[in-house]
Amino acid sequence: MSAETAICGRYDCRETFAKTLEALAETDERIVAVVNDSVGSSKLVGFQKRFPDRLINVGIAEQTMVGVGAGLANGGKTPFVSAAACFLTARALEQIKADVAYTKTNVKLCGMSSGVAYGELGPTHHSIEDFAWLRLLPNLTIIAPSDRWETAEAIKAAAATEGPFFLRLSRMPVPDLKRPAGATFRVGAAETLRDGRDAAIIANGVMVSRALEAAEQLAASGLNVRVVNMASIAPLDVEAIGAAAATGAIVTVEEHSVRGGLGGAVAEVIATSCPCRVRILGFPGFLPTGSPEFLLERFGLTATGIAAAVREIVGARKAA
Amino acid sequence: MSTSHPLAELTRAKARQIRRRALGMVYRAKQGHPGGDMSVADILATLYFGALRVDPANPNDPKRDRFILSKGHCTGALYATLAERGFIPIESLDTYMQPLSLLNGHPNRNYTPGVETNTGPLGHGVPVAIGVAIAGQIDRADYRVFVVVGDGELQEGSNWEAALTAGHRGLANLTLIIDRNGLQQGARTEDTAKLEPLADKWRAFGWDVVEVDGHDHDALLAIFTAPAGGRSKPLCVIAHTHKGQGVSFMRDQVFWHHGALSQSQYELALQEIG
């Protein structure tokens with residue numbers, strides 16, 4: 001087993017993805033992987049060595065990759081279709097709609113290096129629209145895990161649950177989050193990582209650790225902020241959003257466009273059933289070049305940026 | 001001229017019935033794709049009544065042969081075939097495209113037994129068929145996978161991505177049938193984005209190619225029932241057909257890609273089909 005990449009206690013969850021998939025494939029022969037020349041970038045070199053017949057590389061052909069995944073599911077397999085999120089979701093969107101979501105095939109789409117993981121490569125390689133265009137598709141479960149534990153749990157849940165999944169995975173190193181002993185992962189259930197009554201931060205993916213840091217900063221200045229990890233965008237935990245709304249102010253944080261993603265999903269619930277102030281943090285549109293960290297900082301997606309947004313929204317509520 | 005196949009008499013009778021029922025569906029629905037329904041009818045009849053190992057009582061049998069209609073707009077012919085073969089009730093055909101009918105204008109696996117994948121947008125069937133064929137190879141299963149595309153549909157690039165993959169993997173359990181009626185929605189394929197030399201293209205992508213009169217039941221049956229065991233490549237069957245085959249006023253007429261029939265047209269068509 002390869003040593004996991006650790007940068008100051010932060011980990012690249014693709015390695016957890018690959019390790020978990022290999023372990024599942026060991027006992028479940030239905031599990032296969034489908035890639036578009038993305039064996040290395042999906043960290044599936046080990047899987048390929050162990051299960052050479054069960055790693056299907058269709059070449060650089062995303063539409064065929066997703067269609068082949070649907071066909072493998074028809075043939076009784078559990079395909080994990082793994083490719084850079086930007087190409088998987090945009091290039092093959094109609095296959096995801098028709099062959100996977102509408103046909104309801106047991107395909108597990110794994111969008112690797114999502115968000116701005118490919119920061120310097122520019123907007124063609126950023127995947128900050130995927131929540132928006134996939135969230136519209138019925139039958140498709142969408143999960144953005146926050147760390148190694150949740151990545152492993154999400155993959156196990158996807159393998160164990162019949163039906164279409166989209167797992168939004170990152171290569172951006174993240175720390176292991178502190179969770180109470182016995183924490184469990186449930187598809188469609190949000191996780192309250194920190195309680196608080198002054199406001200709520202709802203985040204997912206690589207933003208959850210930053211949201212927790214923001215809550216620490218705010219606690220030091222006397223604001224008790226709830227932090228909700230909303231890894232599942234679909235199905236959505238409407239109850240958890242209602243509980244967050246009871247604090248009177250919500251800040252959503254995602255490594256995604258501010259339109260149509262986690263913030264959009266939360267806003268749809270808030271606007272129709274539990275009105276409260278909402279700030280949506282994310283990216284405004286096509287982004288300039290820069291490292292992932294640079295882009296997060298530039299657009300306020302840091303602990304400090306999130307804390308500032310919370311102070312602002314709480315101040316506005318008090319002033320009203 | 002092919003030799004007479006023992007099942008050809010049956011499949012010809014089934015094809016007539018499929019054409020009659022499909023036209024009835026289009027007539028009642030006042031819409032549909034009758035031109036393509038008529039061109040593919042003989043292919044469907046020979047597959048479903050002469051070649052496919054499928055069981056309407058067990059439509060999800062893992063060992064079944066798979067059939068995918070990638071040109072999903074030709075549901076008139078597909079549903080008529082599935083009804084004739086016993087997958088869906090004959091009476092259900094009367095609901096074709098009516099409000100809330102399970103028989104949508106394009107096939108839906110979740111509503112209609114016998115449908116393998118939801119098609120409608122073109123260029124989707126071949127990749128899915130390849131996926132099933134790969135699953136069969138991994139499992140060393142002996143089922144076969146058949147997929148029908150329209151010729152105009154081949155202008156979709158996804159087919160050619162898929163062609164590369166199938167050729168590369170030598171999927172001998174896969175048979176692609178091209179309904180080569182020469183017409184697409186608006187004009188002749190060769191006046192739109194030409195496909196010829198079509199056989200050379202598939203050979204260049206690593207496929208075996210056979211050309212056949214797509215209305216000759218003896219020839220179609222001979223191809224579809226030939227054992228795949230001797231081959232090491234996927235098979236592309238270029239079935240030369242006529243849009244609107246069997247109905248004089250529709251035959252080779254681009255106008256009949258989609259449309260409704262008047263009562264007199266419907267009656268004349270039934271007379272001609274016999």
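These legends walk through close-up views of a predicted model with chains A and B.

**View 1. The two domains of chain A.** Here we look at how chain A splits up: domain 1 covers residues 7-175 and domain 2 covers 191-319. Measured out over C-alpha atoms, the centres of the two domains of chain A sit 26 Å apart. Where they meet, domain 1 of chain A brings 29 residues to the contact and domain 2 of chain A brings 36 residues. Together they bury about 2400 Å², and carbon and sulfur atoms account for 58% of that.

**View 2. What bridges the domains of chain A.** Zooming in on this contact, we find 2 salt bridges between domain 1 and domain 2 of chain A. A:Glu268 and A:Arg135 form a salt bridge, with their closest N and O atoms 2.9 Å apart. There are also 17 residue pairs in polar contact between the two domains of chain A, counting pairs with both residues at pLDDT 80 or more. On the domain 1 side, the elements that give two or more residues are helix 6 (130-135), strand 7 (141-143), helix 7 (148-160) and strand 9 (174-175) of chain A. Helix 6 of chain A gives the largest share of that side, with 4 residues. Sorted by class, the domain 1 side of chain A has 15 nonpolar, 7 polar and 7 charged residues.

**View 3. Where chain A meets chain B.** Now for the contact between the chains, which takes 24 residues from chain A and 28 residues from chain B. The two chains bury about 2100 Å² between them, with 50% of it on carbon and sulfur atoms. On the chain A side, A:Asn74, A:Tyr102 and A:Thr103 lose the most area to chain B, and together they make up 27% of what that side buries.

**View 4. Polar links between the chains.** Look here for the 1 salt bridge between chain A and chain B. In a salt bridge, the side chain of A:Lys77 meets that of B:Asp139, at 2.5 Å from N to O. The chains also share 15 residue pairs in polar contact, again with both residues at pLDDT 80 or more. In chain A, strand 4 (55-57), helix 3 (62-74) and helix 5 (93-102) each supply at least two residues of the side that touches chain B. Helix 3 of chain A provides the largest share of that side, at 9 residues. By class, the chain A side has 9 nonpolar, 9 polar and 6 charged residues.

**View 5. Helix 3 of chain B, mostly covered.** In this helix, which spans residues 75-85 of chain B, 10 of the 11 residues are buried. Among them are B:Leu78, B:Tyr79, B:Leu82 and B:Glu84. The buried residues of this helix pack against helix 1 (8-29), helix 2 (34-50) and strand 1 (66-69) of chain B. Just after helix 3 of chain B comes B:Gly86, with a positive phi near 100°.

**View 6. A closer look at B:Leu261.** This residue lies in the loop between strand 5 (235-240) and helix 8 (263-273) of chain B. B:Leu261 counts as buried because its relative accessibility is 7%, under the 20% cut-off. Leaving aside residues up to four places away in sequence, B:Leu261 touches B:Leu23, B:Val26, B:Tyr27, B:Phe249, B:Met250, B:Trp256 and B:Tyr266. From B:Leu261 to B:Val147 is 114 residues in sequence and 29 Å in space, C-alpha to C-alpha.

Terms used. Residues are numbered from 1 along each chain as its sequence is written. Chains are lettered from A and ligands numbered from 1 in the order in which they are written. This is a predicted model: local features need pLDDT of at least 70, side-chain atom pairs count only at pLDDT 80 or more; totals for chains, interfaces and linings use all residues. Side-chain values use heavy atoms; hydrogens and water are left out. Domain bounds come from an automatic or database domain assignment. Contact means heavy atoms within 4.5 Å. Buried area is the accessible area (1.4 Å probe) that two parts lose on being put together, summed over both. A salt bridge is a side-chain nitrogen of Lys or Arg within 4 Å of a carboxyl oxygen of Asp or Glu. A polar contact is a pair of N or O atoms within 3.5 Å; within protein, one must be able to donate a hydrogen and the other to accept it, and residues adjacent in sequence count only if both atoms are side-chain atoms. Ala, Val, Leu, Ile, Met, Phe, Trp, Tyr, Cys and Pro count as nonpolar, Asp, Glu, Lys and Arg as charged, and the others, Gly among them, as polar. Buried means under 20% relative accessible area, exposed over 50%, partly exposed in between (1.4 Å probe, protein chains only).
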